[in-house]
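Student: Please take a close look at one charged contact in this model. Then place that contact in its wider setting.

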Amino acid sequence: MVKGKNGKPRRKDGVWAPLKSSEIDRHRALAVPKTPQTLSPSYRLAYADDDFLCREELRPIRLQLELLKVEMMLTERGIKSTVVLFGGARIPAPGQSAWAARNDIQRANLEAASIYYDEARKFARLCSKYSAGFDFHEYVIVTGGGPGVMEAGNRGAADEGAPSIGLNIVLPHEQAPNAYVTPELSFNFHYFAIRKMHFMVRAKAIAVFPGGFGTLDEFFECLTLIQTGRMEKMPLILFGEKFWRSIVNFEALAEFGTIAPDDVKLISFVDSADAAWKIIQDFYEHES
């Protein structure tokens, strides 16, 4: 609530607002005398009562809130499109030890995979450098906000002085925000489904690096949306062709008949950030 030139109440957007705001009443409710009645949970304002909001019956409201909060804040920031970067949290930066390795084979593989950390960082730099021409409103990097390849994506954006988004989720491990996410664009989720929606709603390209179950889940979700026409076709780029072809036999699916032969063409394989960025440039014909 703000005051207009005549001292009358208006909202920040200039709309006349004669009613007292919920924020004002929230503070007033905290200042009432402490009595058995006012200390009872039943007396709390419904929208300021965490215990009430976490009740099973209010799940639809919580889903809506997670959708609304991020959408409103990205809109206020003026972010119109994003480049999505998925990849393994367990892949270390070059020169760092593989903290997630459980044996020598895993350690060797994960530390060799640090090349993808470098390529993710470079790819994010290329996207962010282009984003600067749009005042960082287009082609904004968005990651899951965690370590590994996600950190590399946010770090590459930071290298260019660009904002980047982190969509974290509450997990028992791994998922604290990395230090390179723009603080005002660092979000946290309870619901995987709503988090996935926010990855997709502004996406102009999707880059997927080697990863585990979470990365596979995110990749196939995107691929299914594009294949079924529920989402516009866009560059869907897999970094590390050798890795991906060893994990998924896409041609076997087509040969068996469970996907159409042309569905394989929805995917592009690359091994470098430059090759990935060229795919995006060519797809959008060097959009300006």
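**A salt bridge with a buried acid**

Tutor: Asp49 is buried, because its relative accessible area is 7% and the cut-off for buried is under 20%. Keep in mind that this is a predicted model. The partner of Asp49 is Arg44. Their closest N and O atoms lie 3.0 Å apart. That counts as a salt bridge because the limit is 4 Å between a side-chain nitrogen of Lys or Arg and a carboxyl oxygen of Asp or Glu. Arg44 has a relative accessibility of 37%, so Arg44 is classed as partly exposed. The pair therefore joins a buried acid to a partly exposed base.

Now set two other bridges beside that pair. Arg11 bridges to Asp13, with 2.6 Å between the closest N and O atoms. Here the acid is exposed, at 52% relative accessible area. Its cut-off is over 50%. Arg11 is partly exposed, at 41%. The other bridge links Asp262 and Lys265 through their side chains, 3.3 Å from N to O. Asp262 is partly exposed, at 49%. Lys265 is exposed, at 66%. Back to the bridge we began with: Arg44, Asp49 and Asp51 belong to one network, joined by salt bridges that share partners. In total, the structure has 19 salt bridges.

Next, the overall frame. The protein has 288 residues, and 40% of them count as buried. Asp49 is one of the buried residues, at 7%. The fold contains 11 helices and nine strands. The C-alpha trace spans about 70 × 45 × 45 Å along its principal axes.

Burial also separates two residues in one loop. Asp135 sits between α5 (114–131) and β4 (140–143). Tyr139 is in the loop between α5 and β4 too. Phi of Asp135 is near 55 degrees, a positive value in a residue other than glycine. Phi of Tyr139 is also near 55 degrees, and Tyr139 is likewise not glycine. Their accessibility splits them. Asp135 is exposed, with 58% relative accessible area. Tyr139 is buried, with 1%.

Now turn from charge to a nonpolar part of the surface. Leu67, Met197 and Val201 form a patch there, with about 240 Å² of accessible area together. Val201 lies in the loop between α7 (192–200) and β7 (203–208). Val201 is partly exposed, at 49% relative accessible area. That value passes the patch cut-off, because a patch residue needs over 30%.

The helix before that loop is worth a look as well. Two packed helices are described by the angle between their axes and the distance between the axes. For α7 and helix α8 (residues 213–227), the angle is about 60 degrees, and the axes are 11 Å apart. So α7 is oblique to α8. The angle is above the roughly parallel class, which ends at 35 degrees, and below the roughly perpendicular class, which begins at 65. The crossing of α7 past α8 is right-handed.

To return to the start: Asp49 is buried, Arg44 is partly exposed, and the two form a salt bridge at 3.0 Å.

Notes
Residues numbered from 1 in each chain as written. Predicted model: local features only at pLDDT ≥ 70, side-chain atom pairs only at ≥ 80, totals over all residues. Heavy atoms only, no water. Patch = residues over 30% accessible without salt bridge, like charges linked within 9 Å, V, L, I, M, F, W, Y side chains within 5 Å. Areas by Shrake-Rupley, 256 points an atom, 1.4 Å probe, with all protein chains shown as cover. Helix = DSSP H or I, 4+ residues; strand = E, 2+ residues; numbered from the N terminus. Buried < 20%, exposed > 50% of the residue type's maximum accessible area, 1.4 Å probe, protein only. Axes fitted to C-alpha atoms, helices over the stretch in contact; angles between N-to-C directions. Parallel < 35°, antiparallel > 145°, perpendicular 65-115°, else oblique. Left-handed = near helix turned anticlockwise from the far one by under 90°.
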